[in-house]
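Here is my note for a colleague who has not met this structure before. Please read it with the model open beside the text.

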Amino acid sequence: MKNKICLIFPYFGRFNNYFNLWLHSAEQNDLIDFYVITDIKNLPSKKSKNVFFVNQSLADIKNKARSVLGFECRLENPYKLCDYKPIYNLLFDEIVNDYEYWGYGDMDLIFGDLNSFVLSEKFKDKLCVFHLGHLSFFKNTTELNDLFTLVGLEKIKEVYSTDKICFFDEREHSRYMLMKDKYPDKVFDDYLLIADVSPVYSFLWPPYEQYKKLTPKKYVFHYKSGKISGYFLNDKNQLIEEKYVYIHIMRRKMINKVNNENEFIICPNRFLDFNGEFSLKTYKKYRNIDLYSNLIRFKDRAKNKLKRMIKHEK
C-alpha cells in the first residue's frame, strides 16, 4: 500500500454497461486506491495497480454491521447500502485502517483529474471533502470516525433496523454536517467542481432541483486523458468550457459506443468515441443527439394521459 487515500465501492448484481469507462477513469487517478466490494464473478482479467476487487456478499456486510453495531440490521437490497456509507470504515476496517484518508462513492461516475485535486490546497489538511453521497473523503482518525454516533443510538437503530432508505449519508445526520458544525474550517465542499447532471432534464447542469440560484445550461462533456470538460453556450452563443473533478450520471440509461476509453464524448443518453479538438460545431452536433429528453417527454405525456383516462373511468 503506497497511497494515502482509499475509496470504497460496494456493488452487487451486475455492473452497468459503462463500467469499463468508470474503471478506466479510476485507473488514471493512481494516487487513490479504489476498492470494489462485490459478489460479481465475471471481473476484468487485466490486473490494475490501484483498483482492487474484494469478494464479499451482501449477507457478509449485513453480518459485519450486526457485529460492529451490536444489534440486528436490515440489508436486503443493495440500494440500502447508501445508509451504511457513514460506517464503511467499520464495515471494511481491514481495508481502511492503513490509509490516511478513506471515503466512498458510486458506480455511476466518470472521474476527472482527482490526482491534481487531492494534491491541491482545496484538499490539503481537510477533515472532510465533499458531502454528497456519490463521492466523499474523510480524514481517518478515531475521533472523526466516531462522529456518526453523535446522532444518538435511537437514530442509529432507526436507520439500520428498517429496509426503508433514510439517506443517512447525505442528510442532516451525515458525517459532513456533523463535521461542519465541529470543524468549520476543516471541511471543503464546492458543488461547482462536480458535474451532477439532472436525471430528468436534457443533461442540464446544475439540476433545477439542486441549485436553483444558478441558471442551468445544456451541456456536452468531453473526457480526454483523465480529465473532464463540460461545454455549454453562453447568452452570446459562445462556447464555454469548464473543468470538473467528476461527472455523476444519476438514474440515467446510457448507450455505450466507446472503443477508445482514453477519449470520448458524454451526451444526454450515450457515450461516443471522439478524437480531436472540441469546437462549437462539435457541441451542436452532439447536443442534437438528444433522444433522452424526447423519450422523457413522451413518457410523461403518456403517463398523464393514462391518469386522465383512469380518472374519467372512475
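The points below go from the whole protein to single elements and residues.

1. A word of care and an overview come first. The model is a predicted one, and the protein in it has 11 helices and 18 strands. Of its 314 residues, 51% count as buried, while the accessible surface comes to about 16300 Å², of which 50% belongs to carbon and sulfur atoms. If one takes the contacts between residues at least 6 apart in sequence, 64% of them join residues at least 24 apart.

2. Helix α2 is a good element to look at next. Covering residues 58-69, α2 has 12 residues and reaches 16 Å from its first C-alpha to its last, which is close to the 16 Å expected at 1.5 Å a residue. Which residues of α2 are buried? They are L58, I61, K62, A65 and L69, and because they cover an arc of only 100° around the axis, they lie on the same side of α2. In general, an α-helix has 3.6 residues a turn, so residues three or four places apart point the same way. The buried residues of α2 pack against β1 (5-11), β2, α3, α4 and α8 (153-160), and just after the helix G70 takes a positive phi of about 85°.

3. The aromatic residues deserve a separate look, since a pair of aromatic rings is described by the distance of the centres and the angle of the planes. The structure holds 36 aromatic pairs, and one of them is formed by Y35 and Y99, which meet edge-to-face at 6.2 Å centre to centre with 80° between the planes. This pair links distant parts of the chain, with Y35 in strand β2 (residues 32-38) and Y99 in the loop between α5 (93-96) and β4 (101-105), 64 residues apart. Both Y35 and Y99 are buried. Elsewhere, ring pairs link F9, Y11, F15, F19, W22, F34, F53 and F111 into a cluster.

4. A further aromatic pair leads to a proline. Y160 and F168 are also edge-to-face, 6.0 Å centre to centre and with 85° between the planes; Y160 counts as buried because its relative accessibility is 0%, and F168 counts as buried because its value is 3%. P86, placed in the loop between α3 (81-84) and α4 (88-91), is in contact with both of these residues, and also with W102, Y104, D169 and R175, when its neighbours within four places in sequence are left aside. The C-alpha atoms of P86 and F168 are separated by 7.6 Å, although the two residues are 82 apart along the chain. Is P86 itself buried or exposed? With a relative accessibility of 1%, which is under the 20% cut-off, P86 counts as buried.

5. Strand β12 (residues 220-224) closes the list. Why is β12 described as largely enclosed by the rest of the structure? The reason is that 4 of its 5 residues are buried. On one hand, β12 pairs with strand β13 (residues 227-233) in the antiparallel sense over 5 bridges, and in this pairing H222 stands opposite S229. The two strands form a hairpin with 2 residues between them, and S225 in the turn has a positive phi of about 50°. On the other hand, 4 bridges join β12 to strand β17 (residues 263-267), again in an antiparallel arrangement, where Y223 stands opposite F264.

How values were computed: Residues are numbered from 1 along each chain as its sequence is written. This is a predicted model: local features need pLDDT of at least 70, side-chain atom pairs count only at pLDDT 80 or more; totals for chains, interfaces and linings use all residues. Side-chain values use heavy atoms; hydrogens and water are left out. Buried means under 20% relative accessible area, exposed over 50%, partly exposed in between (1.4 Å probe, protein chains only). Contact means heavy atoms within 4.5 Å. Two strands pair if DSSP finds at least two bridges between them. Accessible areas come from the Shrake-Rupley method with a 1.4 Å probe; for residues, only the protein chains shown count as cover. Rings of Phe, Tyr and Trp (its six-membered ring) pair if their centres lie within 6.5 Å; planes under 30 degrees apart count as stacked, over 60 as edge-to-face and the rest as tilted. The expected span of a helix is 1.5 Å times one less than its number of residues. The arc is that of the directions from the helix axis to the C-beta atoms.
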